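Work through the exercises below with the model open beside you. Try each task before you read its solution.

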Number of protein chains: 2
Amino acid sequence: MPEEQKRQHREDDHIVYVGAKPFMAYVTGVVMQFTTQGAKEVVVKSRGKFISKAVDISEVAVKRFLVGQIEVKNVKIGSEEFINNEGRKVNVSFIEITLGMKQ
Amino acid sequence: MPEEQKRQHREDDHIVYVGAKPFMAYVTGVVMQFTTQGAKEVVVKSRGKFISKAVDISEVAVKRFLVGQIEVKNVKIGSEEFINNEGRKVNVSFIEITLGMKQ
């Protein structure tokens, strides 16, 4: 997807896209960005049915792995129209959870 | 002032808890609170796997039913510990989406 490629080109962006991989793969991804890549903020993004999973991942990172070190800075929801495999316009919701180092 | 307190209390009571009922039941619930109950704000709350559904419901209310009239004012996520049926402590994530009349 060009939109995603474009977003990934911004080198200062630390983004984790949540999908069908195992839960802990994403938690580790988030934690590693803070601990080994020096991220000040990590944005956890997901769409549709994976929205709940993104919230769980963020909560586990904040409350179990980087306790007292990071916090939820911002939560944004929205929806986008896209064309599915059958050529039909469908709307899908998304969430963007910004986690950041505690001051 | 008792009169103002009463009014404030009523506004705080506009909450929709999202669970296993059909999707449109909740959308209608949200829309009705704004249109027939004079709500200035409605909070859409859900937990666990219903978090994605709460986001979808909010987006449909904002973009299809009350277009230009309401907007997402705030989104809060978190998690709570509770004791499940087997007596085990489990964590469950939640979301609270505050929808409000556009200024």
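The exercises treat a predicted model and go from the sheet to the helices and then to the two chains.

**Exercise 1. Work out the strand order of the open sheet in chain A, and find its edges.**

Solution.
- Step 1. Trace the strands. The open sheet has four of them, in the order β1-β2-β4-β3, and the pairing is mixed.
- Step 2. Look for strands with a single partner. These are β1 (15-17) and β3 (70-83) of chain A, so each has one side without a neighbour in the sheet.
- Step 3. Check the twist. Direction ignored, neighbouring strands are turned by 20 degrees against each other on average.

**Exercise 2. Describe how β2 and β4 of chain A are joined.**

Solution.
- Step 1. Compare directions. β2 (residues 41-47) and β4 (residues 89-101) of chain A run antiparallel.
- Step 2. Count the bridges. Seven join the two strands.
- Step 3. Take one position as a register mark. A:V43 stands opposite A:T98 in β4(A).

**Exercise 3. Place α2 of chain A against the sheet, then classify its packing on α3 of chain A.**

Solution.
- Step 1. Start with the sheet. α2(A) lies across β1, β2, β3 and β4 of chain A. Its angle to β2(A) is about 155 degrees.
- Step 2. Turn to the helix pair. The axes of α2 (residues 23-35) and α3 (residues 51-65) of chain A come within 9 Å and cross at roughly 55 degrees.
- Step 3. Apply the cut-offs. Roughly parallel needs an angle under 35 degrees, and roughly perpendicular covers 65 to 115. α2(A) and α3(A) are therefore oblique to each other.
- Step 4. Assign the hand. The crossing of α2(A) and α3(A) is right-handed.
- Step 5. List the contact residues. α2(A) supplies A:F23, A:Y26, A:V27, A:V30 and A:V31. α3(A) supplies A:K53, A:I57, A:V60, A:A61 and A:F65.
- Step 6. Sort them by class. Nine are nonpolar, none is polar and one is charged.

**Exercise 4. Determine how chain B is related to chain A, and what each gives to the contact.**

Solution.
- Step 1. Superpose the chains. A rotation of 180 degrees, with 0.0 Å of shift along its axis, brings chain B onto chain A at an RMSD of 0.2 Å.
- Step 2. Name the symmetry. The two copies are thus related as by a two-fold rotation axis.
- Step 3. Compare the surfaces. Both copies use the same one: 100% of the contact residues of chain B recur in chain A.
- Step 4. Count the residues. Chain B gives 17 residues and chain A gives 17 residues.
- Step 5. Assign the side of chain B to elements. α3 (51-65), β3 (70-83) and β4 (89-101) of chain B each give two or more residues. α3(B) gives the most, with seven.
- Step 6. Sort that side by class. It has seven nonpolar, five polar and five charged residues.

Conventions
Residues are numbered from 1 along each chain as its sequence is written. Chains are lettered from A and ligands numbered from 1 in the order in which they are written. This is a predicted model: local features need pLDDT of at least 70, side-chain atom pairs count only at pLDDT 80 or more; totals for chains, interfaces and linings use all residues. Copies are superposed by least squares on the C-alpha atoms of residues with pLDDT of at least 70 in both. Two residues are in contact if their C-beta atoms, placed from the backbone, lie within 7 Å. Axes are lines fitted to C-alpha atoms, for helices over the stretch in contact, and angles run from 0 to 180 degrees between N-to-C directions. Helices (H or I, at least four residues) and strands (E, at least two) are DSSP runs, numbered from the N terminus. Angles under 35 degrees count as roughly parallel, over 145 as roughly antiparallel, 65 to 115 as roughly perpendicular and the rest as oblique. A crossing is left-handed if the near helix is turned anticlockwise from the far one by less than a right angle, and right-handed if clockwise. Ala, Val, Leu, Ile, Met, Phe, Trp, Tyr, Cys and Pro count as nonpolar, Asp, Glu, Lys and Arg as charged, and the others, Gly among them, as polar. Two strands pair if DSSP finds at least two bridges between them.
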